[in-house]
Structures are given as C-alpha cells and as structure tokens.
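User: I would like to learn how to read a few local features in a protein model. Could you walk me through them one at a time?

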Amino acid sequence: MLLLAACSGEKASNDKLPVINIDGSSERFENNYTSEEYKALLKNPKTLQLETKDECLLGGFASICDVTPKYIVVGSDKKIYFFDAHNGTFLSKIDRQGDGPEEYTDIYFSCFDEENELVYIATLKNIKSYKPDGTFVKEYPKGSFTNLAQTTDGYWGIYEREHWKQHLVGFIDKDWKVKQSFLPDREAALVNGDLGIAPRFREANNHIYTMVDDTLYTNKEDTLFPVLVINKGKLKMPNEIIGVLDRLVSEGQKYIQMDAAFIAGKLMFYNFFLERGRHYTVWDIKTGELLTHSKNGYFMPLDEKTTVNAQFTLIKNDKGYALLSTNELAKYGLRDDEDDSNPLLLRVDLENCHIN
C-alpha cells in the first residue's frame with residue numbers, strides 16, 4: 001500500500017514570485033513569431049541519426065526518455081529502445097507486451113535509472129522494472145499514478161486519492177512508497193464538475209515542474225514549492241467546464257484548455273491548448289517578454305543555415321534534445337517523403353539561457 005506521510009508543500013506568497021502575463025501577448029498567438037534574442041540563445045546544434053532496422057522502427061509516437069554517456073533511450077507506446085549514444089547504433093529493446101506476471105499491456109509512463117540501468121514502466125495497474133535487454137526485474141505496487149519522473153533526489157509521482165477526488169504530488173522512496181505528498185492548491189486539485197484536473201510533470205535539468213491553476217511548482221530535494229505565476233487573464237480555464245467549452249468557442253471566446261510549463265535558466269517553456277489548437281511559447285522570466293511562438297513546436301537550429309520547429313522531449317545538463325521525424329525533415333527538403341528511416345536526434349546547447 002502507498003504510505004501517506006504528509007500533505008503540504010512549501011508555502012510562499014504569490015506576490016513575491018515572478019509573473020508571466022499570457023493574456024497580454026495573445027495577439028501573437030495567431031502566427032509564428034521568433035525574436036532575435038531567442039535565436040541567439042540556442043547554440044551548437046548537433047545531430048545523430050538513429051539506426052534503422054526492422055527490429056527498431058520507431059514510428060511516429062517515439063519520444064526521448066533519457067540520454068546518458070552510454071545510451072539514447074527512446075520510448076513508444078509499447079516498447080523502450082536503446083541506441084548507442086556515440087553513433088546511434090541500435091543496441092536492444094524492452095518488448096514484454098502481454099498479460100503475464102513479467103509483462104505489461106501498455107506503457108503509461110516510463111523512466112530510466114541510469115545508475116542501476118533499469119527502466120521503470122508504469123501501467124494502469126502497477127510498476128515493473130526491466131534491464132535494457134528486456135529482462136524482468138521486479139514488480140511494485142502502483143496505486144493510481146498518472147505521471148512519474150526521476151531526479152537525483154528520488155522519484156516523483158502524481159497520484160489520486162479516489163475517495164477525496166484529489167490529485168497529489170508524491171515523493172517516492174526506492175520501494176515505491178510515498179515518503180511525502182503535497183497538495184499545492186486544494187481547490188485546483190478538486191474535481192471540477194465531472195472532469196478531474198490532474199497535474200502533470202515536465203522535466204528539465206534534474207527538476208520536475210507541475211502546473212496547478214496559475215502557479216508553477218518545482219522541487220528542491222524532497223520538497224515542492226512555487227516558483228512562478230502564469231497570469232492567464234481572460235484565457236483562464238472557466239470554472240464550470242462541462243457543457244461550457246463548446247459555447248465559448250461558438251461565441252468566439254478563447255480559453256486555455258490544458259497547459260504545461262518548465263524552466264531552463266532564464267527561460268520558461270510553456271505549451272498549451274488555446275481553443276482546440278496547440279501552442280508552443282518561450283518567455284524571458286526576467287522581463288516577462290514573449291520570445292517565440294509556434295503552433296508546430298519550438299524554434300531550433302538544425303545547422304548554420306536551417307531552422308526547424310521541434311518539440312523538446314528532454315532537457316538535461318543544459319542541453320535540449322528533440323527527435324525529428326522523416327515527415328518533419330521532408331518539410332525542409334532534408335528527407336524524401338517515402339523515406340522510412342528512424343528519426344534524427346537533435347541536440348542544442350542551452351548554456352546561454354542562464355541569468356547573469
């Protein structure tokens with residue numbers, strides 16, 4: 001059973017936190033926009049082609065789980081793949097789909113323990129760990145986790161206390177028991193109408209980030225505390241959700257349906273659904289200025305001449321990583337539309353993003 005040890009996070013007055021005003025820049029959300037300042041921040045792009053074989057075809061739903069000196073770990077909805085970090089050669093995969101005691105039916109979330117070389121796979125019922133070659137190691141009780149992440153201080157999970165209809169952020173020990181749990185905002189974590197609003201994790205530079213209402217929280221060791229306020233103004237999610245959203249669209253009103261944010265240096269990466277379209281934005285925390293906006297991904301340099309829109313799926317050690325599919329590369333004339341090669345791994349340096 002999961003153990004509940006505490007139910008509070010660090011408290012801080014929001015008037016002492018940096019504030020990003022989203023509503024004031026909403027006129028830029030109609031078109032792509034990139035400032036010269038943002039173009040100067042991402043440096044030294046490097047690419048690595050992941051090997052293409054029948055046993056490691058990634059398809060269109062792959063994302064980067066981790067990049068270590070040894071491995072590039074890539075996850076899909078059913079499998080976890082390992083590629084050589086130096087040359088992109090395919091090494092192994094975890095493919096244990098099934099109903100047996102050492103198998104899983106779906107991968108809800110996964111994380112890679114670099115020190116012990118274990119992959120933790122969360123399904124709707126439990127957590128199971130595997131070696132990179134697919135060997136089963138152990139099963140853990142899961143409860144109802146909806147998100148998992150790992151930092152050097154331990155594991156973090158978001159889980160639901162069903163009888164209270166609340167989602168909590170938990171700090172988890174090596175036996176997958178909740179060591180501490182936090183309810184950052186009691187009202188925001190409660191069920192809204194018939195729709196449960198569950199926080200989600202984004203990760204960057206060994207920190208987890210989770211949005212609760214207008215406040216962005218992060219971790220410091222085994223503690224959760226508020227770090228920034230996102231003022232959505234008129235774009236705020238309406239209190240009464242069920243039966244209201246379609247009416248708001250028909251009336252031409254705008255609202256943010258779902259959002260997620262994380263911080264890297266002086267930048268806040270913030271993606272959200274406005275009406276029914278997804279938007280990717282980057283903001284300067286120090287000035288509150290919108291630096292870039294796109295409906296296709298974050299602006300990233302591919303080389304000295306080419307820039308692409310891509311989604312950061314990992315930020316680690318001040319480096320941002322993205323997978324560029326064949327379809328995406330074909331938009332820039334870099335691949336043939338019929339090419340079925342595995343994605344290209346793109347890495348850019350974020351060292352210039354730190355506040356002086």
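User: Let's start with polar contacts. Which backbone atom does the side chain of Asn 219 reach?

Analyst: The general idea is to look for a pair of N or O atoms within 3.5 Å, one able to donate a hydrogen and the other to accept it. Keep in mind that this is a predicted model. Here, the side chain of Asn 219 reaches the backbone nitrogen of Ile 208 at 2.8 Å.

User: Where is Asn 219 placed, and is Asn 219 buried or exposed?

Analyst: Asn 219 sits in strand β18, residues 215-220. Its relative accessibility is 2%, so Asn 219 counts as buried, because buried means under 20%.

User: Which residues does Asn 219 touch, not counting those up to four places away in sequence?

Analyst: For contacts, we ask for heavy atoms within 4.5 Å. Asn 219 touches Thr 151, Asp 153, Trp 156, Asn 206, His 207, Ile 208, Leu 224 and Phe 225.

User: Asn 206 is on that list of contacts. What is notable about the phi of Asn 206?

Analyst: Check the sign of phi and whether the residue is a glycine. Asn 206 is not a glycine, yet its phi is positive, about 65 degrees. Asn 206 lies in the loop between β16 and β17. That loop also holds Asn 205, with β16 spanning 201-204 and β17 spanning 207-212. Asn 205 is likewise a residue other than glycine with a positive phi, near 50 degrees.

User: How accessible are Asn 205 and Asn 206?

Analyst: Asn 205 has a relative accessible area of 21% and is partly exposed. Asn 206, at 37%, is partly exposed.

User: Now a strand pair: how do β4 and β5 run, and how many bridges join them?

Analyst: For a pair, look at direction, bridges and the connection. Strands β4 (residues 63-67) and β5 (residues 71-75) run antiparallel and are joined by four bridges. The connection is a hairpin through three residues. As an example of the register, Val 67 stands opposite Ile 72 in β5.

User: Last one: which residues is Phe 112 in contact with, leaving aside neighbours within four places in sequence?

Analyst: Place the residue, check its burial, then list its contacts. Phe 112 is found in strand β8, residues 109-113, and is buried, with a relative accessible area of 6%. Its contacts are Asp 66, Thr 68, Tyr 71, Val 73, Phe 82, Glu 117, Leu 118, Val 119 and Gln 150. You can also compare sequence with space: Phe 112 and Ala 149 are 37 residues apart in sequence, while their C-alpha atoms are 9.0 Å apart.

Terms used:
Residues numbered from 1 in each chain as written. Predicted model: local features only at pLDDT ≥ 70, side-chain atom pairs only at ≥ 80, totals over all residues. Heavy atoms only, no water. Helix = DSSP H or I, 4+ residues; strand = E, 2+ residues; numbered from the N terminus. Buried < 20%, exposed > 50% of the residue type's maximum accessible area, 1.4 Å probe, protein only. Pairing = 2+ DSSP bridges.
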